[in-house]
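Subject: Structure for you to look at

Hello,

Here is the structure I said I would pass on. Please open it first and keep it beside you while you read the notes below.

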Amino acid sequence: MKYIEAAVILLGLLIGAIIGSMIPIGNGNAALIGALLVPTLGLLVLFLIKLRRRKMSLEERNLQNQFVHQHDLNSANTTAELAQYTAAKLSH
């Protein structure tokens, strides 16, 4: 998880700075704000996901892991199956 957090920070800084530099506000202030805002939002989303996962019971986590593993085994999924998987993943 630490690698994911580090990737979110680095990619967020890069993407925020690039997109912010395209916005004509001040002397590059938009790039600075974007470089700080995008990683912060990414880390907030990761924090909320980890918080939700900690609140799950052991049985719910096990079911979710089995669901993801079963999806990984069926890697040749159609678009409809991927949409169904995403909807089911978000509802758990």
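A residue counts as buried when its relative accessible area is under 20%, as exposed when that area is over 50%, and as partly exposed in between. Ala 6, at 35% relative accessibility, therefore counts as partly exposed. Please keep in mind throughout that this is a predicted model.

Overall layout

The protein chain has four helices and zero strands. Along the sequence, that gives the pattern α-α-α-α. The chain has 92 residues, and 16% of them count as buried. If you take the contacts between residues at least 6 apart in sequence, 44% of them join residues at least 24 apart. The rest of this note is about H1 and H2.

Helix H1

H1 covers residues 2-21. Its 20 residues reach 28 Å from the first C-alpha to the last, close to the 28 Å expected at 1.5 Å a residue.

Which glycines of H1 are buried? They are Gly 12, Gly 16 and Gly 20. These glycines cover an arc of only 30 degrees around the axis, so they sit on the same side of H1. The face turned away from the buried side of H1 carries exposed residues, namely Tyr 3, Leu 10 and Ser 21.

Two alanines of H1 can be placed relative to residues much further along the chain. Ala 6 is in H1, and its C-alpha is separated by 9.5 Å from that of Leu 43, 37 residues away along the chain. Ala 7 is also in H1, and with a relative accessible area of 34% it is partly exposed. Between the C-alpha atoms of Ala 7 and Pro 39 the separation is 9.4 Å, with their positions 32 residues apart in the chain.

Helix H2

H2 runs over residues 29-55. At 1.5 Å a residue, its 27 residues should span 39 Å, and its end C-alpha atoms are indeed 39 Å apart. The buried residues of H2 are Ala 30, Ala 31, Gly 34, Ala 35, Pro 39, Gly 42 and Leu 46.

How the two helices meet

What do the buried residues of H1 pack against? They pack against H2. In turn, H1 is included in what covers the buried residues of H2. The axes of the two helices come within 7 Å and cross at roughly 150 degrees. This crossing of H1 and H2 is right-handed. On the H1 side, the residues making the contact include Ile 4, Val 8, Ile 9 and Leu 13, together with the glycines Gly 12, Gly 16 and Gly 20. On the H2 side, they include Ala 30, Ala 31, Gly 34, Val 38, Pro 39, Gly 42 and Leu 43. Glu 5 of H1 and Lys 50 of H2 also take part in the contact.

The salt bridge

Side chains of opposite charge can pair when their charged atoms come close. How many salt bridges does the structure hold? It holds one. The side chains of Lys 50 and Glu 5 form it, at 2.6 Å from N to O. Lys 50 lies in H2 and Glu 5 in H1, so the pair ties together parts that are 45 residues apart in sequence. Are these two residues buried or partly exposed? Lys 50 is partly exposed, with a relative accessible area of 27%. Glu 5 has 22% relative accessibility, so it counts as partly exposed.

When you go through the model, I suggest starting with the buried glycines of H1, then moving to the buried residues of H2, and ending with the salt bridge between Lys 50 and Glu 5.

Regards

Terms used: Residues are numbered from 1 along each chain as its sequence is written. This is a predicted model: local features need pLDDT of at least 70, side-chain atom pairs count only at pLDDT 80 or more; totals for chains, interfaces and linings use all residues. Side-chain values use heavy atoms; hydrogens and water are left out. Buried means under 20% relative accessible area, exposed over 50%, partly exposed in between (1.4 Å probe, protein chains only). A salt bridge is a side-chain nitrogen of Lys or Arg within 4 Å of a carboxyl oxygen of Asp or Glu. The expected span of a helix is 1.5 Å times one less than its number of residues. The arc is that of the directions from the helix axis to the C-beta atoms. Contact means heavy atoms within 4.5 Å. Axes are lines fitted to C-alpha atoms, for helices over the stretch in contact, and angles run from 0 to 180 degrees between N-to-C directions. A crossing is left-handed if the near helix is turned anticlockwise from the far one by less than a right angle, and right-handed if clockwise.
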